[in-house]
Amino acid sequence: MRTIASKILLSATDLMRFMGCSHASTLDLAYMRGTGPVPCADTEDAALLQKQGDAHEAAHLSRLKKAGRSVFEIEHGCLADNAKATRLALADGPDVVFQGAFLSGNWGGWSDFLERVETPSALGAFSYEVADSKLKRRADPKHVLQLVLYSDLLAEIQGVAPEFAHVELGDGTRATLRLADYSAYARMARERLEAFVASPHPTRPMPCADCGLCRWADHCESVWQAEDSLFNVANISRGQVKKLEAAGVDTLEALSALDCPIRGMSENTLARLVVQARLQ
């Protein structure tokens with residue numbers, strides 16, 4: 001997420017982050033505008049995953065070259081310049097464009113691979129489909145968001161929508177997705193992010209599956225500590241926090257002193273949480 005010519009430019013990473021945690025997008029916006037906290041550096045785990053991802057991508061590129069595929073590589077630089085170079089490269093019709101760039105409206109970014117298929121388009125008797133390399137062993141919804149975005153941006157260039165997109169998975173297999181099956185969901189997600197950026201609604205830090213690799217993890221942890229948040233209670237769920245807060249119990253200290261039932265929560269569950277709060 002960044003500003004170019006007074007316009008906020010969004011990427012696939014921004015979209016995936018927003019769908020995982022809207023509060024992370026709130027913090028991204030504040031940081032971009034100079035009004036928020038500074039993100040932490042990548043964790044060792046995040047850096048290792050990035051290194052492994054780069055190696056996986058390089059290995060697939062090497063396999064393509066060894067198979068005799070003609071590959072045009074875009075040297076990573078200015079997004080606008082790279083997008084122009086990508087358009088020119090696609091018109092020439094190589095088998096693969098590596099690190100092809102897109103820039104249209106509020107959206108832009110770099111794809112891993114654009115692969116030629118023999119489907120006519122505005123480019124000629126051929127067109128392209130998006131392929132990305134991922135370390136996971138199966139495609140997940142976040143991959144779909146990225147693949148549909150790049151495929152839509154590619155369609156603007158070649159005048160025809162790709163039918164498929166592909167993921168080169170970490171176990172060496174390839175997942176092929178029919179884009180029509182996922183496009184409505186992915187475009188709705190983009191609309192949600194665009195609306196949020198145009199008119200942000202209040203968010204709060206809440207634990208989620210993305211916390212382990214999030215650049216805002218340290219900031220959110222400091223907020224929970226300062227607020228004596230219920231999220232500090234070991235093994236508490238978001239649903240349990242919601243029920244407790246609805247009953248006016250919104251701090252770890254308040255939970256530790258609780259001696260009355262909570263609507264919708266079993267006696268055993270509540271007793272366990274109260275004991276845990278007292279221990280902490």
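Leaving aside its neighbours within four places in sequence, with which residues is A155 in contact? The residues are V160, A161 and P162, where contact means heavy atoms within 4.5 Å. A155 lies in helix α5, and at 18% relative accessibility it counts as buried, a class that requires under 20% relative accessible area, whereas exposed means over 50% and partly exposed lies in between (1.4 Å probe, protein chains only). The C-alpha atoms of A155 and F98 are separated by 17 Å, with these positions 57 residues apart along the chain counted as their distance apart.

The model is predicted, so that local features need pLDDT of at least 70 and side-chain atom pairs count only at pLDDT 80 or more, while totals for chains, interfaces and linings use all residues. Residues are numbered from 1 along each chain as its sequence is written, and side-chain values use heavy atoms, with hydrogens and water left out.The secondary structure of the protein chain comes to ten helices and ten strands, these being DSSP runs numbered from the N terminus, with helices (H or I) of at least four residues and strands (E) of at least two. Along its principal axes, the C-alpha trace spans about 75 × 40 × 35 Å. Of the 280 residues of the protein chain, 42% count as buried, and the chain exposes about 14800 Å², of which carbon and sulfur atoms supply 52%; accessible areas come from the Shrake-Rupley method with a 1.4 Å probe, and for residues only the protein chains shown count as cover. Among the contacts in the protein chain with a separation of 6 or more, residues 24 or more positions apart account for 58%.

Helix α5, which covers residues 141-158, packs with helix α1 (residues 12-20) at an angle of about 145°, their axes lying 9 Å apart. Here the axes are lines fitted to C-alpha atoms, for helices over the stretch in contact, and the angles run from 0 to 180 degrees between N-to-C directions. On the α1 side the contact is made by A12, L15, M16 and M19, and on the α5 side by K142, L145, Q146, L149 and Y150. By class, this contact of α1 with α5 has seven nonpolar, one polar and one charged residues, where Ala, Val, Leu, Ile, Met, Phe, Trp, Tyr, Cys and Pro count as nonpolar, Asp, Glu, Lys and Arg as charged, and the others, Gly among them, as polar.

From this helix pair one can turn to the interior. The largest nonpolar core has 38 residues, and those with the most contacts inside it are L90 and L114; such a core is a set of buried Ala, Val, Leu, Ile, Met, Phe, Trp, Tyr and Cys residues joined through side-chain atoms within 4.5 Å. Two or more residues of this core are given by each of α1, α4 (79-92), β8 (127-133), α5, β9 (164-168), β10 (174-178) and α6 (183-198), and the largest share, nine residues, comes from α5. When residues up to four places away in sequence are not counted, L90 touches V97, L114, L123, F126, Y128, L154 and I157. A second, separate core of 23 residues includes V241, L255, L258 and A277.

A charged residue can also be followed into the same part of the text's picture. R190 lies in helix α6 and counts as buried, because its relative accessibility is 12%. Not counting residues up to four places away in sequence, R190 touches L15, W107, V148, L149 and D152, and both L15 of α1 and L149 of α5 take part in the contact between those two helices.

Helix α2 (22-32) comes next. The buried residues of α2 are H23, A24, S25, L27, D28, L29 and A30, and they pack against β2 (7-9), α1, α6 and α7. Just after α2, G34 takes a positive phi of about 75°. Further along, P37 lies in the loop between α2 and α3 (44-66), and with a relative accessible area of 24% P37 is partly exposed. Leaving aside its neighbours within four places in sequence, P37 is in contact with L27, Y31, W216 and H219; P37 and H219 are 182 residues apart in sequence and 7.6 Å apart in space, C-alpha to C-alpha.

The loop between α7 (217-226) and α8 (238-246) holds D228, and N235 lies in the loop between these two helices as well. D228 has a positive phi of about 50° although it is not a glycine, and phi of N235 is near 65°, again a positive value in a residue other than glycine. D228 counts as partly exposed, because its relative accessibility is 26%, whereas N235 counts as exposed at 71% relative accessibility.
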